Amino acid sequence: MLASELFDILETTADGAFAVDEQGLVCSWNRTAEKLFSYRKSEVLGRPCAHLLKGKGSLGNPICAEPCSVIECAVSQREVSNYDMEVKTRSEKTVWVNVSILSFHDERTHRHLVVHLTRDVTARKKVEKLSEKLMNVAREISALPDNGEGLPPASPLTDQERRVLELLAKGKSPAQVAKELRIAPRTLRNHLHHANQKLHTRNRLEAVMQAARRGLI
């Protein structure tokens, strides 16, 4: 396959797709990438992708750099796992993308190209950060010394109620919890209602925090 044929294929994918050469210079940039990163194709072709995206990992560590370890691994045919990356778009908006890497060898020019397939996971990362904050708060509450009043008695949670709260504590949405446990949304609401009654709480956030404080999850 030739590079031109590859670029035509990338134009049809729903992912934000772009290819770079061994030096990290952008060779192709599809329409979805234009929408996702706010850069037009004419603005990025021939430019280093590291300078454009300035990608960072979850800990703020730089991923996009020169030389690029991702490109080096792909060109040497070493496996590159999917990874999440925080980038700044042309409009200075922060976007999280999940990236898949494909290595391509142009049969005519014998150049190595590295294809980046990206999809927006900003919503997922927000849920993960919210979950992390939630669990930090729950741990802080659990570590508080008893104030003498103690916690009111609580009826034991069922295994399913405990599983529901555990999944919510991990940042799962109610819809995701219902799907993972293979229960109807109405059944999930019933479990949450009963858990709130037993833990003397008013909503799922309070229920998760109380369950963590009591060492139930």
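**Notebook: a lysine over a ring, an aromatic cluster and one helix**

Entry 1. I looked up K125 and found that this residue lies over the face of W96, at 4.5 Å from the ring centre. I note at the outset that the model is predicted. I then located K125 in the chain: the residue belongs to helix 6, which spans residues 122-143.

I next asked whether K125 is buried or exposed. The relative accessibility of K125 is 7%, and because buried means under 20%, K125 counts as buried. For its surroundings, I listed the contacts of K125, leaving out residues up to four places away in sequence: they are S58, D84 and W96. W96 therefore appears twice in this entry, as the ring beneath K125 and as one of the residues that K125 touches, with K125 itself buried.

Entry 2. I turned to the aromatic rings. How many aromatic pairs are there? The count comes to three. One of them joins F18 and F37; the ring centres are 6.4 Å apart, the angle between the planes is 80°, and the pair is edge-to-face. I checked where the two partners sit: F18 is in strand 1 (residues 16-20) and F37 is in helix 2 (residues 31-37). They are 19 residues apart, so I recorded that this pair links distant parts of the chain.

I also examined W29 and F37. Their ring centres lie 5.6 Å apart and their planes meet at 50°. Why is this pair called tilted? Planes under 30 degrees apart would count as stacked and those over 60 as edge-to-face, so an angle between these limits is tilted, as is the case for W29 and F37 at 50°.

Ring pairs connect F18, W29 and F37 into a cluster. I looked up the accessibility of each member. F18 is buried, at a relative accessible area of 1%. F37 is buried, with a value of 1%. W29 is buried, and its value is 1%.

Entry 3. I examined helix 8 (residues 174-181), in which the buried residues are V177, A178 and L181. Viewed down the helix axis, these residues fall within an arc of 95°, so they line one face of helix 8. A general point helps here: an α-helix has 3.6 residues a turn, so residues three or four places apart point the same way.

Which exposed residues does the face turned away from the buried side of helix 8 carry? They are A175 and K179. I then looked for what covers the buried residues of helix 8, and found that the cover includes helix 7 (159-169) and helix 9 (185-199). Lastly, I noted that R182, just after helix 8, takes a positive phi of about 60°.

Note on methods
Residues numbered from 1 in each chain as written. Predicted model: local features only at pLDDT ≥ 70, side-chain atom pairs only at ≥ 80, totals over all residues. Heavy atoms only, no water. Phe/Tyr/Trp six-rings, centres within 6.5 Å; stacked < 30°, edge-to-face > 60°. Helix = DSSP H or I, 4+ residues; strand = E, 2+ residues; numbered from the N terminus. Buried < 20%, exposed > 50% of the residue type's maximum accessible area, 1.4 Å probe, protein only. Lys NZ or Arg CZ within 6 Å of the ring centre and 35° of its normal. Contact = heavy atoms within 4.5 Å. Arc of directions from axis to C-beta.
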